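Here are some comments for a colleague who is about to work through this model, taken in the order of helix packing and then the two DNA strands.

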There are 2 protein chains.
Amino acid sequence: MGLVVLDERKAAILKAIVQGYVRDGEPVGSKRLAEDWNLGVSAATIRADMAALEEAELIAQPHTSAGRVPTDKGYRYFVDSLSETAQLSVEQRAALEGLLLGSSDLEELLRRTSSVLSRLTRFAAVVAAPRLDRTRLRHIELVTLGPNSVLAVMIADTGQVEKRMLDLGEALMDHDVQRARHALNEAAAGLRVTDAPDVIAGVAAGAPHGVRELLESVADAVRGGLVSPPGAQIFVGGSANIADAGYFERLEQVREVYETLEQQVLVLGLLRAALEAGDPAVRIGEELRPLAELAACSIVVASYGAGADSVGSLGVLGPTRMDYPRTLAAVQAVASGLEKALAELTGS
Amino acid sequence: MGLVVLDERKAAILKAIVQGYVRDGEPVGSKRLAEDWNLGVSAATIRADMAALEEAELIAQPHTSAGRVPTDKGYRYFVDSLSETAQLSVEQRAALEGLLLGSSDLEELLRRTSSVLSRLTRFAAVVAAPRLDRTRLRHIELVTLGPNSVLAVMIADTGQVEKRMLDLGEALMDHDVQRARHALNEAAAGLRVTDAPDVIAGVAAGAPHGVRELLESVADAVRGGLVSPPGAQIFVGGSANIADAGYFERLEQVREVYETLEQQVLVLGLLRAALEAGDPAVRIGEELRPLAELAACSIVVASYGAGADSVGSLGVLGPTRMDYPRTLAAVQAVASGLEKALAELTGS
DNA sequence: GACTGGCACTCGACGTCGTCGACTGCTAGC
DNA sequence: GCTAGCAGTCGACGACGTCGAGTGCCAGTC
């Protein structure tokens, strides 16, 4: 799967084809190529090289007598051979951070982030909430809602709040619930959310029958609610951009993309899978298999968070025909901006 | 603005045109009309009536030599003259309730509702959270996150949980925060969320300086967070249906609709405005002004909740060319199903 | 007076056809 | 190894004619 080796000129031609096609949206032919990019050789020479590039499946012709278009493989080569990553201008970065800093809680921050990222790239943006390994549990509140049901509200020091209904096998006195609540906070408040469930389970072990059941449910709730939060933890912004003119031909495609985007599990899996290959990661068209409906799309993903124990991710979903350097720059800038805002939120 | 009066046959013809056009998506002409609907008269006669209907602006011709299409006004007449509301089958209603009952909390219930409604109608569904006049405050938790910031977590007896950051002018001892928290719950727990803010403000009045400020912020937070919750309180399902084939021509339109749907404030206003006209309410095309970008859309809205002091709303957004009786039936059925599920959630 | 059948007319959809232009591949020549 | 030129391919586009659906109008019938 290593990089096919191309001589310098062929690489330049491929690069020009990618850039030209991304800019104009039309197949680019040898003549234009020779005129607009000063490659120093004539159209005929370029044609010979193009034939080779087509042989290598890096470019393709929509039909005879049309110019060439990059294939997924062609985009891949282009992306892999980007040497220096482009950077957003200083003002843009500053504006971006200004928009993110001062968010009141995690949810709002992530919401803003998805909005900013989609505006910046004009693609649909996806922000997945961070895994919160270093987050600490602040408080757990238990509220009796019915004879057999208790609402557990978990509050983290990031301002994140999660709730979960607990169904009890047997009715519990409110009195007992209050005692459990007290024991709970005594034992677990201040712990990392990753450690808390086990500690709570430990407390449960020593508790009387009904309370024990309750505490075990709470341990589960913390595990499920804070450590790996449920579906709600994904923020999509600017999805209207998918219907932007000039990218997709058939309405059917647009519909399929929207459908995929509605399924949070899929999206989350997409982000995760992409990041296995590297940090700012790009996945192009066919590489998004098994999601065939995204064959005309690419994603650009980056992770954010503080160093090793970070792991939130964010990215954009757009057409394969996207300006990869620009998009990469935007995604990375937003990731780093989010990182700072997150530090502010957690630290203060 | 009253109903234009049409003689019986013209009304039947209009009805047939609406139904025919909704079914096939093609302009319907006098010949088909005479053949498929047995109106008992010939095509020529129908033509004469159609001319009158066109004069009254109830139908229009996309171009000469094409059949007629209902105008917004035509749809309006059709909808207004629906006598009996269609009903969903018993099985459908049962299935629907089965899907909604047993939700663990309000948020999940509303999410499920939007999903069910969109599947049922194949349009985009919008569910707005209820105004919670009868909801009672269960508990308020105050969590110190920083020297000058406290997180207020408000828990209602419906399982709804809202949070809000409070920025304090001066730093407060955690000890004071705890005291405030205690006083707060002592005074306000169990009150209706509509009454609670005033009561809390009362408590604040008698408190020492710093705590007073804190309590006043909490009163505001309850007002803003529980009584009229923020933007997050709207659930959109099945938005991919907007890109469904056969409804919109230009991709541009699809994009505009998506953009509108992304702005929760607009959507909320739309629902509210529609319901001013009646309970199951229908707004068609131009009637959705000032949102010109929805000129090709209609909405069908109903409110849900327990009797007079209810007021949540839900509805669908689809093309003007929709099956209004069916959609009305679906929206009403889902509203009533949601009502039941809500009663279960609150009551138990 | 209401309805019908017939007729002339309009106009978009569709298929055909020829032109034009953009591209390509190839080959002879520098 | 590169280039210029040439022949060939093929889609885009506009012109054109046909077809059919649908209309409006009018004379005739019940």
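1. Two packed helices are described by the angle between their axes and the distance between the axes. Those axes are lines fitted to C-alpha atoms, for helices over the stretch in contact, and the angles run from 0 to 180 degrees between N-to-C directions. The model discussed here is a predicted one.

2. In chain B, helix α1 (residues 8–24) packs with α3(B) at an angle of about 85°, the two axes being 10 Å apart. Because angles of 65 to 115 degrees count as roughly perpendicular, α1(B) is roughly perpendicular to α3(B). On the side of α1(B), the contact is made by B:R9, B:K10, B:I13 and B:L14, while α3(B) contributes B:I46, B:D49, B:M50, B:A52 and B:L53. By class, the contact has six nonpolar and three charged residues, with no polar ones.

3. Around DNA strand D there are 20 residues, of which A:T45, A:T64, A:S65, B:G29 and B:S30 come nearest. The elements giving two or more residues to this surface are α3 (43–55) of chain A and, from chain B, α2 (30–36) and α3 (43–55). The most is given by α3(B), with five residues. The surface near strand D has nine polar, six nonpolar and five charged residues.

4. DNA strand C is surrounded by 19 residues, and the closest are A:G29, A:S30, B:T45, B:T64 and B:S65. At least two residues each are supplied to the surface near strand C by α2 (30–36) and α3 of chain A and by α3 of chain B, and α3(A) gives the most, with four residues. By class, this surface has nine polar, six nonpolar and four charged residues.

Technical notes. Residues are numbered from 1 along each chain as its sequence is written. Chains are lettered from A and ligands numbered from 1 in the order in which they are written. This is a predicted model: local features need pLDDT of at least 70, side-chain atom pairs count only at pLDDT 80 or more; totals for chains, interfaces and linings use all residues. A residue is near a molecule or strand if its C-beta atom, placed from the backbone, lies within 6 Å of it. Ala, Val, Leu, Ile, Met, Phe, Trp, Tyr, Cys and Pro count as nonpolar, Asp, Glu, Lys and Arg as charged, and the others, Gly among them, as polar. Angles under 35 degrees count as roughly parallel, over 145 as roughly antiparallel, 65 to 115 as roughly perpendicular and the rest as oblique. Two residues are in contact if their C-beta atoms, placed from the backbone, lie within 7 Å.
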